[in-house]
Amino acid sequence: MRQTLILYLFLAAALLGYLLPWVVAPSAPMTLNAYDLSEWASLHPLQRQTIPALLAPLELRLQLVILSVALGLLAGGRTRRWLSFILILLLALAQLPPFEFLYDIRNTNYSQQFTLALVSLVTGAAATPFKLRLLRPYVLIVISILGIGSALHGAAQALDLFALLDQGASAGAGLWINCLSYSGIIVIAIASLLRDRRPRSSPLHRTRPG
């Protein structure tokens with residue numbers, strides 16, 4: 001229970017990091033969190049030429065998908081399962097494109113937002129009844145490593161775009177809080193694996209008092 005609480009705290013810290021500035025620029029309006037940074041990067045023509053298209057926004061937005069899956073994995077018991085599903089639903093709704101998407105379904109940016117929102121909802125909900133306790137730490141490690149890699153690479157691409165505009169931008173605290181939170185999840189998951197592999201003393205092997 002204590003371990004689960006710590007993991008929830010790391011997830012909350014990762015979400016907080018997502019909402020804090022990932023890029024700090026001399027101009028206040030250009031100091032952006034991950035959500036706004038993904039929107040800004042999606043407008044740059046160079047991002048239309050990446051494979052896949054809009055790679056930087058994809059990697060930045062992927063963080064909410066990862067958080068949704070992690071929330072599903074930590075759900076245990078009926079109450080926590082429903083709470084996790086509600087949070088997953090809210091994260092999915094936050095990723096939906098504006099209503100203009102209905103009139104412009106070929107818009108690459110809107111399509112990416114809608115797809116990731118759907119993936120968040122489906123994968124997060126699918127992970128909610130995940131019963132294989134021994135596999136759960138491995139999945140948490142994999143998605144956390146994916147989170148760190150995609151966050152750093154996505155932010156680096158965005159900073160390159162800032163450099164092209166002669167903006168003296170630097171990585172913000174939100175990026176590092178996000179990555180440190182994932183690192184904390186990895187440490188907890190590894191500790192869980194090591195604890196489960198530790199041989200347990202059997203009553204038959206205990207030394208009887210003389």
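Helices here are DSSP runs of H or I with at least four residues, and helices are numbered from the N terminus. A residue such as P52 can therefore be placed by the two helices on either side of it: P52 is in the loop between α2 and α3. The model shown in these figures is predicted.

**Figure 1. The protein chain as a whole, with seven helices and three strands.** Followed along the sequence, the elements of the protein chain come in the pattern α-β-β-α-α-α-α-α-β-α. Along the principal axes, the C-alpha atoms of the chain fill a box of roughly 80 × 35 × 30 Å. The protein chain has 210 residues, and 42% of them are buried. Among contacts in the chain with a separation of 6 or more, 73% are between residues 24 or more positions apart. The close-up views below begin with the loop that holds P52 and then turn to helix packing and single residues.

**Figure 2. The loop between α2 and α3, shown at P52 and L54.** The peptide bond joining I51 and P52 is cis. Its omega is about -5°. L54 lies in the loop between α2 and α3, and its phi is near 60°. That value is positive, in a residue other than glycine. Is L54 buried or exposed? L54 has a relative accessibility of 0% and so counts as buried, the cut-off for buried being under 20%.

**Figure 3. Packing of helix α2 (residues 34-42) against α3.** The axes of α2 and α3 are 8 Å apart, and the two helices pack at an angle of about 165°. Angles over 145 degrees count as roughly antiparallel, so α2 is roughly antiparallel to α3. The crossing in which α2 passes α3 is left-handed. On the α2 side, the residues that meet α3 are A34, L37, S38, E39, A41 and S42. On the α3 side they are A56, P57, L60 and R61. Sorted by class, the contact of α2 with α3 has six nonpolar, two polar and two charged residues.

**Figure 4. Packing of helix α3 (residues 55-74) against helix α5 (residues 108-127).** At what angle do the axes of α3 and α5 cross? The crossing angle is roughly 15°, and the axes come within 7 Å. Angles under 35 degrees count as roughly parallel, and α3 and α5 are therefore roughly parallel to each other. The crossing of α3 past α5 is right-handed. From α3, the contact is made by P57, L58, R61, L64, V65, S68, V69, G72 and L73. From α5, it is made by N109, Q112, Q113, L116, V119, S120, T123, G124 and A127. By class, the contact of α3 with α5 has nine nonpolar, eight polar and one charged residues. R61 and P57 of α3 take part in this contact, and R61 and P57 also appear among the α3 residues that meet α2.

**Figure 5. Surroundings of Q95 in helix α4 (residues 78-95).** Q95 has a relative accessibility of 5% and therefore counts as buried. Leaving out residues up to four places away in sequence, Q95 touches R61, L64, V65, Q113, L116, A117 and S120. Among these, R61, L64 and V65 belong to the α3 side of the contact between α3 and α5, while Q113, L116 and S120 belong to the α5 side. Which residue has a side chain joined to that of Q95 by a polar contact of 2.8 Å? The partner is S120.

**Figure 6. F130, in the loop between α5 and α6 (136-164).** With a relative accessible area of 23%, F130 is partly exposed. Apart from its neighbours within four places in sequence, F130 contacts L73, L135, R136 and V139. The C-alpha atoms of F130 and L74 are separated by 8.7 Å. Along the chain, F130 and L74 are 56 residues apart.

**Figure 7. R136 in helix α6 and its link to L73.** R136 is partly exposed, with a relative accessible area of 21%. A polar atom of the R136 side chain lies 3.2 Å from the backbone oxygen of L73. Both R136 and L73 are also in contact with F130. From C-alpha to C-alpha, R136 and Y18 are 24 Å apart in space. In sequence, R136 and Y18 are 118 residues apart.

Key: Residues are numbered from 1 along each chain as its sequence is written. This is a predicted model: local features need pLDDT of at least 70, side-chain atom pairs count only at pLDDT 80 or more; totals for chains, interfaces and linings use all residues. Side-chain values use heavy atoms; hydrogens and water are left out. Buried means under 20% relative accessible area, exposed over 50%, partly exposed in between (1.4 Å probe, protein chains only). A polar contact is a pair of N or O atoms within 3.5 Å; within protein, one must be able to donate a hydrogen and the other to accept it, and residues adjacent in sequence count only if both atoms are side-chain atoms. Contact means heavy atoms within 4.5 Å. Axes are lines fitted to C-alpha atoms, for helices over the stretch in contact, and angles run from 0 to 180 degrees between N-to-C directions. Angles under 35 degrees count as roughly parallel, over 145 as roughly antiparallel, 65 to 115 as roughly perpendicular and the rest as oblique. A crossing is left-handed if the near helix is turned anticlockwise from the far one by less than a right angle, and right-handed if clockwise. Ala, Val, Leu, Ile, Met, Phe, Trp, Tyr, Cys and Pro count as nonpolar, Asp, Glu, Lys and Arg as charged, and the others, Gly among them, as polar.
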